Amino acid sequence: MPQPDATTEDVLAAIREFDQLGRESFLQKFGFGRARDYFVRHGGRFYDSKALLGVAHGYQHGEPLRPDEFSGGDAAAAATLRGLGFTVSDPNPDWTEDEIVLACDLISRHGWRYLDENHPEVEELSQVLQLLSRHPEARRGPTFRNPSGVARKTADIATQHPDSTGRPTRGNRLDKVVLDQFLADPAGMAGRARAIRAAIDNPDATAPLPDLDLDPDASADEGGILERKSLVRERDPKLRRHKIKSVLKSGGTVSCEVCAFDFERTYGERGRLYIEVHHRTPLHVTGTVRTRLADLALLCSNCHRMIHRRRPWLSIEDLQDALQQP
Ligand SMILES: [Zn+2]
Ligand SMILES: [Zn+2]
């Protein structure tokens, strides 16, 4: 089978032909179907990437490749085009837990029924998801979290509902997990949906949250916006200063509440008043945003890291129990 072979110039020529003919005629002329996952993004427009490469090959070799003449699938064509310097979108990523929480919240308010893509709240959720997602914008395809994708997700979830008589569609495993959480605790999960939306609307959140490096082994992505905001909130220096002040005022010591480590005792002057602050109830559990000093615990860096190292995060008491006394 021929290896698709084209230069950047050939691909640009194919793009021009695509523009002249329009998508449908271009695909039809060269015998390609619509791409599902991989699109070249060029000049603010999207181009079916395998078709583009097959046609570009023709400029180089006289005869365009037909779809069944490629060695390697769509992903290989995408890699070739990236190698030529083009931006190619990724397949739409699986829905994250936050996204499914918002979708469940929407259809819970509509009797757990499927909503179609023209429903105003489906269109609104599509916009919210585009703001929420951390998937890099340059790698998003033309259908990324669009209303028809959101509508399909409402069907995935609705058909998993115990009262549903429809045949379950092919959703992902998390759909059912989140749906069950909603059925067990409707008010709590509605609160979590509100907290997620509030976290997006908050002007602090329009700048991307920093990647949190608490565990080098864990993927920072799966935690969701509320977990990340929890960690950002703990790092607020003002909050930390207030907490330390109040501990000193009440005659306490600035030492770890789990292992009693005292930075000053170990490091002298350099360690004086150093401690980390940890929030006892993370945002994804409470959904509330206001912090009281009593919600904060003082922790040394080791204990703090152990709490956040894996999901679910440990409570202070759990870590105390886990602490091995020498
Ligand atoms: Zn400690
Ligand atoms: Zn913490």
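In the predicted model, the zinc ion (ligand 2) is held by protein donors from Glu234, which contributes two OE atoms, from His278 through ND1, and from His304 and His308 through NE2, with all of these donors lying 2.0 to 2.4 Å from the ion. Along the sequence, the donor residues follow the spacing E-x43-H-x25-H-x3-H. Two of these donors bring distant parts of the chain together, since Glu234 belongs to helix α10 (residues 225-234) and His278 to strand β4 (residues 276-279), 44 residues apart. Glu234 counts as buried because its relative accessibility is 6%, under the limit of 20%. His278 is likewise buried, with a relative accessible area of 3%.

The protein as a whole has 15 helices and five strands, and buried residues make up 42% of its 326 residues. Among the contacts with a separation of 6 or more, 65% are between residues 24 or more positions apart.

In soluble globular proteins, nonpolar side chains tend to be buried together. The largest nonpolar core in this model has 32 residues, and those with the most contacts inside it are Leu102, Leu125, Ile157 and Ile196. Two or more residues are given to this core by each of the helices α5 (97-108), α6 (120-132), α7 (147-158), α8 (173-184), α9 (186-201) and α10, and the largest share, seven residues, comes from α5. The core also draws at least three residues from each of domain 2 (97-205) and domain 3 (220-322). For Leu125, when neighbours within four places in sequence are left aside, the residues in contact are Leu102, Ala103, Leu106, Val150 and Arg197. Apart from this core lies another, of 24 residues, which includes Phe32, Ala51, Leu81 and Val88.

Tyr47, found in strand β2 (residues 45-48), is buried because its relative accessibility is 2%, under the limit of 20%. Leaving aside neighbours within four places in sequence, Tyr47 is in contact with Ile15, Phe18, Asp19, Tyr38, Phe39, Val40, His42 and Leu52. The C-alpha atoms of Tyr47 and Ala14, which are 33 residues apart along the chain, are separated by 9.8 Å.

Backbone angles were also examined in two of the loops. Trp112, in the loop between α5 and α6, has a positive phi of about 55° although it is not a glycine, and this residue is buried, with a relative accessible area of 15%. Arg145, which lies in the loop between α6 and α7, is likewise not a glycine and has a positive phi of about 50°. Although arginine carries a polar side chain, the label of buried rests on accessibility alone, and Arg145 counts as buried at 4% relative accessibility.

Empty space inside the protein was considered last. Rolling a probe the size of a water molecule over the atoms shows where empty space is left. The structure holds one cavity of 30 Å³ or more, and the largest cavity has a volume of about 30 Å³. The lining of this largest cavity is formed by Arg36, Asp37, Phe39, Asp90, Pro91, Asn92, Gly141, Pro142 and Thr143. Phe39 therefore appears twice in this account, both in the cavity lining and among the residues in contact with Tyr47.

Definitions and conventions:
Residues numbered from 1 in each chain as written. Chains lettered and ligands numbered in written order. Predicted model: local features only at pLDDT ≥ 70, side-chain atom pairs only at ≥ 80, totals over all residues. Heavy atoms only, no water. Donors = N, O, S within 2.8 Å, 3.2 Å for Na, K, Ca; no water. Helix = DSSP H or I, 4+ residues; strand = E, 2+ residues; numbered from the N terminus. Buried < 20%, exposed > 50% of the residue type's maximum accessible area, 1.4 Å probe, protein only. Core = buried A, V, L, I, M, F, W, Y, C linked by side-chain atoms within 4.5 Å. Domains from an automatic or database assignment. Contact = heavy atoms within 4.5 Å. 1 Å grid on protein atoms, 1.4 Å probe; cavity = no way out; pocket = protein on both sides within 12 Å on 5 of 7 lines; lining within 4 Å. Points joined across faces, edges and corners; volume = space filled by probe spheres on them.
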